[in-house]
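Got a minute to look at how a ligand sits in a protein? Let's walk through it in questions and answers.

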Amino acid sequence: MNEASRAAPGRPLRPARNWTLIIAAVGAVSLMTWWSARGIGFSLVELACNLPGGRRLLVESWPPDWSFFPRLLGPLLETLQIAVVGTVIGGILAIPIAVLAARNLTPGFLVWFVDRNFMNILRTLPDLFWAMLFAAAVGFGPIAGALALTVFTIAVISKLWSESLEAIDMAVPEAVRAAGGSWLAMLQFGAIPQALPHYVSYALYAFELNVRASMILGLVGAGGIGMVLETQRSTFEYPRVTLIVLSVLVLVLIIEKISESIRRRLV
Amino acid sequence: MTDKAAIRFQGARVVYPNGAVGLAGVDLDIKPGEFVVVVGSSGAGKSTLLRSVNGLTPLTSGSITVGGQPVPKKEGRELRRLRAGVGMIFQDFRITRRLSVMTNVLVGRVAHVPGWRAMLNLWPAADREIAFRALERVSIADKAWVRAGDLSGGQQQRVGIARALAQEPAIILADEPVASLDPVTTHQIMRDLVRINQELGITTLVNLHFLDLARRYGQRIIGLKAGELVYDGTADSVTQADFKNIYGRDPDAGDLLDESEAS
Ligand SMILES: Nc1ncnc2c1ncn2[C@@H]1O[C@H](COP(=O)(O)OP(=O)(O)OP(=O)(O)O)[C@@H](O)[C@H]1O
Ligand SMILES: [Mg+2]
């Protein structure tokens, strides 16, 4: 009523806030959290009681076992190599997959539909699944890891980039068509240049994710630093585990800094 | 027997999916080498007329022939071959800003070289030569290796014209080529188009917004109103009354480039 008195003639009224909806939403979220926490036996009290155990683990893990470092260099390098191979191969394969999935560029509905669903399947299955699948297929080791990351990279880049491609201005692609250009020429000279910075940015992002992921993949035997982590952890060599975690942390930070500076230059 | 540069509209009609009528049955003959200016108020169908010539907008009924060949209704090899001989220039330039001027002009050669060469940027020397000459014709050869997006508006439109020229086309379609340019650049670009028409004998269709430009640069003027051809005559003979008929109102200062510049 106050709002109405303030509104000048011809201006639309500010819509009233829907309090019922807000209260219902907050209530629903609270209820879901409570239900989920109970389901997994999560309790703050229990957590507090277990704190001494956690403290003991921390104390035992410190200081890191620096003497172990030389033996980490090889596996760290392998981790990087797995990530590079996965990112490059996956990044290349993601290009056609993203293009065919972009509604404005795809040559036909059927191709689009098949490709979209293919992308969804890739994305739904977790990287660990792929690692185990490829480990079973080609044996434990870095090849399995690189293959798993290839699939993971395709999933990440194709999804993000097909959305960038859908947002481009179709005016220039039309001009390439008007000059007698084929579908491929339209892509190469009209469409893709517009979304190229996005592509590079997503590829770098995928690389960061891959370096991190290759640590986890090692846990299922897919090569790299993760395999060392798993052996040290299972033999309770906590100072060495600390060193491994720290070195991966540093590696990831360095890579993030580099890719961030490349990305900044792109814009 | 039929010249490649002749265009013939017969009952050309375009109805858009939303029901809007772009062309309401146009009969029109354009002879090789003509310089035709198309005028009409916004929504009269000027763009539709031009876009139907190279099949960017397919006809709903009727026919258009370019050099005696009907314009194919579907995308494909036939339509690409026809488009290769028809250059198009746009109001918004439509060049790829991120690529070099040279690459943008070479796009005018895509229909003439094998796909893999374009793909790998391995353009034949002869095609590079054609692209360079096209740039020279619009006096921006010195910008060949500059990023296209770094040029001024007038220069970008010249890249657009050079791309069309690189096609070595029989026909040029220019859809309001000067509408985003200042008056001085406008006159330069219009003079370029007229010169190209005279020197190379390329049939030229230009949509224009300003009446004084139409009268000054057009040989033949065509008036469209609600998708229909309501005027067709020489630029010298067009009268105030004709413009009134085309626009459905008296032309005012806003319809003149040099007037609106002065005011
Ligand atoms: N893609 C489209 N979809 C639906 N209707 C369209 C489309 N393009 C044009 N039209 C309609 O067709 C009619 C003619 O449009 P056209 O663009 O040819 O006019 P124009 O003379 O070029 O106008 P302007 O001077 O504003 O560029 C208009 O009523 C317009 O709304
Ligand atoms: Mg128009």
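Q: What pLDDT does chain B average?
A: This is a predicted model, where local features need pLDDT of at least 70, side-chain atom pairs count only at pLDDT 80 or more, and totals for chains, interfaces and linings use all residues. Residues are numbered from 1 along each chain as written, chains are lettered from A and ligands numbered from 1 in written order, and side-chain values use heavy atoms, leaving out hydrogens and water. pLDDT is the predictor's confidence in each residue, from 0 to 100. In chain B, 97% of the residues score at least 70, and the average is 92.

Q: How many residues surround ligand 1?
A: A residue counts if one of its heavy atoms lies within 4 Å of the ligand. The closest include B:Ser42, B:Gly43 and B:Lys46, and the full number is 14.

Q: Which residue has a side-chain N or O atom 2.6 Å from an oxygen atom of ligand 1?
A: Polar contacts here are pairs of N or O atoms within 3.5 Å. A polar side-chain atom of B:Glu176 lies 3.3 Å from a ligand 1 oxygen, and a polar backbone atom of B:Ala44 is 3.2 Å from one. The 2.6 Å pair belongs to B:Ser42.

Q: Which element gives the largest share of the shell around ligand 1?
A: Helices (H or I, at least four residues) and strands (E, at least two) are DSSP runs, numbered from the N terminus. In chain B, strand S2 (21-30) and helix H1 (46-53) each give two or more residues to the shell. The largest share, three residues, comes from H1(B).

Technical notes: A polar contact is a pair of N or O atoms within 3.5 Å; within protein, one must be able to donate a hydrogen and the other to accept it, and residues adjacent in sequence count only if both atoms are side-chain atoms.
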